[in-house]
Amino acid sequence: LARTSDGPPHRSMSLVCLPMDARGVTISRKIEKLGMHASDTTESAFDGVRVPRSYVIGEMGMGFVYQMLQFQEERMFAAASLLDGLDRTINDTIEYARQRNAFGKSVLDNQVVHFRLAELKTEVELLRSLLYRAVGLYVKGVNVTPLASMAKLKVGRLGRELSDACLQYWGGMGFSDEMLISRFFRDMRLISIGGGTDEVMLGIICKAMDTLPRKKK
């Protein structure tokens, strides 16, 4: 997304496909991150980079608008793409807790453990229902910005809550890189930041509810 003309942001920015081997593009360093290690993040510089006009996606000056229009889909996709991971984390934790013994019985046999896992499973199913409702309305052409924002907010918060709770039942092994739960724990932190922070989602929901502070006349 680059500024291609003067004027207001919503009419002066364009989406451009930029080959990273183009003249003037410099990748100075890779940024090490807390999670998402399979996705590289780099510090890049652009000095006099020129690309053909055919590399522009859609119409010139419409990049910001395109970016805003796709947010509904992006936020619903964020929730959809993580449902399987949430389910898998619960199921893997059940199996591990069933096999792991402490004080003469399996960890899973403790009521506080299987009750907590039941609560988390319920939260996942509620998220799934919210997502299905949002998608169903979206394919009918309904503006689902509030519902998509709720799904994005919920999956980020639930992902952190669930990964933290499940990791606890893995004990010391859950703190090792050998276990998938540790990766899930790290990666989940990004979901409440990328694609719109929790605070942005709350602002959108509040706007739909008409509870934001009114501007003084």
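Strand 1 (residues 2-3) and strand 2 (residues 13-16) pair up antiparallel through two bridges, and they belong to a small part of a chain that has seven helices and seven strands. Here, helices (H or I, at least four residues) and strands (E, at least two) are DSSP runs, numbered from the N terminus, and two strands pair if DSSP finds at least two bridges between them. Keep in mind that this is a predicted model, where local features need pLDDT of at least 70, side-chain atom pairs count only at pLDDT 80 or more, and totals for chains, interfaces and linings use all residues. Residues are numbered from 1 along each chain as its sequence is written, and side-chain values use heavy atoms, with hydrogens and water left out.

**The sheet**

- Strands 1, 2 and 5 make an open sheet of three strands in the order 1-2-5, with antiparallel pairing.
- Strand 1 and strand 5 are the edge strands, each pairing on one side only.
- On the strand 1 side, Ala2 has Ser14 of strand 2 as its bridge partner.
- On the other side, strand 2 runs antiparallel to strand 5 (residues 56-57), joined by two bridges.
- Those pairs include Val16 opposite Val56 and Leu15 with Ile57.

**Overall layout**

- Starting at the N terminus, the elements go β-α-β-β-β-β-α-α-β-β-α-α-α-α.
- The chain's radius of gyration is 22 Å, well over the 17 Å that the globule rule gives for 217 residues, so the chain is more spread out than a compact globule.
- That radius is taken over C-alpha atoms, and the globule rule is 2.2 Å times the number of residues to the power 0.38.
- Along the principal axes, the C-alpha atoms fill a box of roughly 70 × 45 × 35 Å.

**How the helix angles work**

- Axes are lines fitted to C-alpha atoms, for helices over the stretch in contact, and angles run from 0 to 180 degrees between N-to-C directions.
- Angles under 35 degrees count as roughly parallel, over 145 as roughly antiparallel, 65 to 115 as roughly perpendicular and the rest as oblique.
- A crossing is left-handed if the near helix is turned anticlockwise from the far one by less than a right angle, and right-handed if clockwise.

**Helix 3 with helix 5**

- The axes of helix 3 (residues 71-99) and helix 5 (residues 145-169) come within 9 Å and cross at roughly 20 degrees.
- The two helices are therefore roughly parallel, and the crossing is left-handed.
- Contact (heavy atoms within 4.5 Å) involves, among others, Ala79, Leu82 and Leu86 of helix 3 and Val155, Leu158 and Leu162 of helix 5.
- By class, this contact has 14 nonpolar, six polar and two charged residues; Ala, Val, Leu, Ile, Met, Phe, Trp, Tyr, Cys and Pro count as nonpolar, Asp, Glu, Lys and Arg as charged, and the others, Gly among them, as polar.

**Helix 3 with helix 4**

- Helix 3 packs against helix 4 (residues 111-138) at about 155 degrees, with the axes 10 Å apart.
- That makes helix 3 roughly antiparallel to helix 4, again with a left-handed crossing.
- Among the residues in contact are Met76, Leu83 and Ile90 of helix 3 and Leu120, Val124 and Leu131 of helix 4.
- The tally is 15 nonpolar, two polar and five charged residues.

**Helix 3 with helix 6**

- The axes of helix 3 and helix 6 (residues 180-187) come within 11 Å and cross at roughly 140 degrees.
- That makes helix 3 oblique to helix 6, and this crossing is left-handed too.
- Gly85, Leu86, Arg88 and Thr89 of helix 3 meet Leu180, Ile181 and Phe184 of helix 6.
- This contact has four nonpolar, two polar and one charged residues.
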